[in-house]
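Trainee: I should like to work through this protein with you, from its overall arrangement down to individual side chains. May we begin once the sequence and the structure are in view?

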Amino acid sequence: MAALATVATETQFHVLAVDDSLIDRKLIERLLKTSSYQVTAVDSGSKALEFLGLNGDDEHRDSNPSSVSP
């Protein structure tokens, strides 16, 4: 099951897509990119929280998650 979060910027929306299925992530990513959305896809809720800086781990808060596909 996919979860999506959307953030508006001045020129386009940035969508964070979360799904444990690689095929589903790639499909979501492709569909949204063709609609001019900026897409970041991750494979778990914990990686989504890490990307958003909400994981509670201060020492990794400013680093990029290892399996994020921007």
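Mentor: The questions below move from the overall arrangement to the core, the salt bridges, the surface and one loop residue.
This is a predicted model, in which local features need pLDDT of at least 70 and side-chain atom pairs count only at pLDDT 80 or more, while totals for chains, interfaces and linings use all residues. Residues are numbered from 1 along each chain as its sequence is written, and side-chain values use heavy atoms, with hydrogens and water left out.

Trainee: In what order do the elements of the protein run from the N terminus on?
Mentor: Helices (H or I, at least four residues) and strands (E, at least two) are taken as DSSP runs, numbered from the N terminus. The protein has two helices and three strands. From the N terminus on, their order is β-β-α-β-α.

Trainee: What percentage of the residues of the protein count as buried?
Mentor: A residue is buried under 20% relative accessible area, exposed over 50%, and partly exposed in between (1.4 Å probe, protein chains only). The protein has 70 residues. Of these, the share that counts as buried is 26%.

Trainee: Which elements give two or more residues to the largest nonpolar core?
Mentor: A nonpolar core is a set of buried Ala, Val, Leu, Ile, Met, Phe, Trp, Tyr and Cys residues joined through side-chain atoms within 4.5 Å. The largest one has five residues, namely Val15, Ala17, Ile28, Leu32 and Val39. The elements that give two or more residues to this core are strand E2 (13-18) and helix H1 (22-34).

Trainee: Which residues does Ala17 contact, leaving aside its neighbours within four places in sequence?
Mentor: Contact means heavy atoms within 4.5 Å. Ala17 belongs to the largest nonpolar core, as does Ile28. With those neighbours left aside, the residues in contact with Ala17 are Ala3, Leu4, Ile28, Thr40, Ala41 and Val42.

Trainee: With which side chain does the side chain of His14 make a polar contact?
Mentor: A polar contact is a pair of N or O atoms within 3.5 Å; within protein, one must be able to donate a hydrogen and the other to accept it, and residues adjacent in sequence count only if both atoms are side-chain atoms. His14 has its place in strand E2, and it counts as buried because its relative accessibility is 17%. At 2.7 Å, the partner of its side chain is the side chain of Thr40.

Trainee: Which residues are linked in a network of salt bridges?
Mentor: A salt bridge is a side-chain nitrogen of Lys or Arg within 4 Å of a carboxyl oxygen of Asp or Glu. Lys26 forms one with Glu29, the closest N and O atoms being 3.8 Å apart, and Glu29 meets Lys33 in another at 3.4 Å, N to O. Glu29 is buried, with a relative accessible area of 8%, whereas Lys26 is partly exposed at 43% and Lys33 is partly exposed at 41%. The network links Lys26, Glu29 and Lys33.

Trainee: Why are Lys26 and Glu29 separated by about one helical turn?
Mentor: Both residues belong to helix H1. They are separated by about one helical turn because their spacing in that helix is three residues.

Trainee: With which residue does Lys47 form a salt bridge?
Mentor: Lys47 is found in helix H2 and is partly exposed, with a relative accessible area of 22%. Its partner is likewise partly exposed, at 26% relative accessibility. The closest N and O atoms are 3.0 Å apart, and the partner is Asp43.

Trainee: What is the area of the nonpolar surface patch made by Leu49, Phe51, Leu52 and Leu54?
Mentor: Patches are made of residues with over 30% relative accessible area and no salt bridge, with like charges joined within 9 Å and nonpolar side chains (Val, Leu, Ile, Met, Phe, Trp, Tyr) within 5 Å. Accessible areas come from the Shrake-Rupley method with a 1.4 Å probe; for residues, only the protein chains shown count as cover. Phe51 lies in helix H2 (residues 45-52) and is partly exposed, with a relative accessible area of 31%. The patch has an area of about 360 Å².

Trainee: What value is phi of Ser36 near?
Mentor: Ser36 lies in the loop between H1 and strand E3 (38-42). Ser36 is exposed, with a relative accessible area of 52%. Its phi is positive in a residue other than glycine, and is near 65°.
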